[in-house]
Amino acid sequence: MIQSISALEAVSSMSVVAKAKVLCDLFELPRIAKTRQNKELEQKRVFSKTHFALGLAMTSFGLILGHGDPAEAAFRVCNQSVTLYNVAIGAEIDRKFATEGWWTLPGNTCVTPIKEDLGGLKLRYVYIYATTATGDSAFEGSWDMCVDTKRFKIEKVQDQPWDCWVRGFVQAKFKEVDTGDTGSWTVFIRPDDKP
């Protein structure tokens, strides 16, 4: 006890930070003393982390808003759920109708199946099919088209039905998306959109 008193007397002539360190050593406390300097450092760390997060969010928001820029014109699919989907599309380009897939789409990500300007392609209608590994569809579609179990591009025979089973493919119900006359379009998969 006498040793503790002499240590306390020696502490009285030290700076606040030095006192905090000695007192923490004396009473075997962790050295995270709540001094003014430590509080200011902690506030600066929190501010810098918050500033970084806000900057990142604003950059992302700016990229989303800027997707209408002709240099970025495209057909995108964004998954706003936590479920992983596999995406296939169907479209008529240069008078040839075809389906193509698969793009793997984890939760909270986007894919761009068509990277060209939709207006330049004269592409108003795009058809989309998105399914989970267990076969649950993201959309309620009404257009029968062909898909395959592995990566594929299937051209429709002109003036003929799809005949998916006859051709060795799987028939799936695609949803029609009317993109109007825009150069780019984004389709969102949301958890509450399940049929």
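**Salt bridges and strand pairing in a predicted model**

Tutor: By the rule used here (a side-chain nitrogen of Lys or Arg within 4 Å of a carboxyl oxygen of Asp or Glu), the count comes to three salt bridges. The model is predicted, with pLDDT of at least 70 needed for local features and 80 or more for side-chain atom pairs, while totals for chains, interfaces and linings use all residues. Residues are numbered from 1 along each chain as its sequence is written, and side-chain values use heavy atoms, leaving out hydrogens and water.

Student: What makes the contact between Asp 178 and Arg 124 a salt bridge?

Tutor: The side chains of Asp 178 and Arg 124 meet with N to O at 2.7 Å, and as the rule asks for a Lys or Arg nitrogen within 4 Å of an Asp or Glu oxygen, the pair qualifies. Asp 178 belongs to strand 8 and Arg 124 to the loop between strand 4 (109–114) and strand 5, so this salt bridge ties together parts that are 54 residues apart in sequence.

Student: Why does Asp 178 count as partly exposed, and not as buried or exposed?

Tutor: Buried means under 20% relative accessible area and exposed over 50%, with partly exposed in between (1.4 Å probe, protein chains only). Asp 178, at 32% relative accessibility, is therefore partly exposed, and Arg 124, at 41%, falls into the partly exposed class as well.

Student: How do you know that the side chains of Asp 144 and Lys 173 meet in a salt bridge?

Tutor: Asp 144 and Lys 173 come to 3.1 Å, N to O, which satisfies the rule. Asp 144 lies in strand 6 and Lys 173 in strand 8, so the pair joins parts that are 29 residues apart in sequence. Both ends are partly exposed, with relative accessibility of 33% for Asp 144 and 43% for Lys 173.

Student: What makes Lys 150 and Asp 148 a salt bridge, and how far apart are the closest N and O atoms?

Tutor: The closest N and O atoms of Lys 150 and Asp 148 are 3.9 Å apart, and a value within 4 Å is accepted, so the pair is counted. Lys 150 is exposed, with a relative accessible area of 54%, whereas Asp 148, at 14%, counts as buried.

Student: How do you know that strand 5 is joined to strand 8, and in which sense do they run?

Tutor: Strands are DSSP runs (E, at least two residues), numbered from the N terminus, and two of them pair if DSSP finds at least two bridges between them. Four bridges join strand 5 (residues 125–131) to strand 8 (residues 170–178), and the two run antiparallel; Tyr 127 stands opposite Glu 176 in strand 8. Gly 90, in turn, stands opposite Tyr 127 in strand 5, and strand 2 pairs with strand 5 over five bridges, in the antiparallel sense.

Student: How many bridges join strand 2 to strand 3, and what makes up the turn between them?

Tutor: Nine bridges join strand 2 to strand 3, in antiparallel fashion, with Asn 86 opposite Thr 104 in strand 3. The two strands form a hairpin with two residues between them, and Asp 94 in the turn has a positive phi of about 55°.

Student: In what order do the six strands form the open sheet, and which are the edge strands?

Tutor: The order is 6-8-5-2-3-7, with antiparallel pairing. Strand 6 (143–147) and strand 7 (152–155) are the edge strands, since each pairs on one side only.
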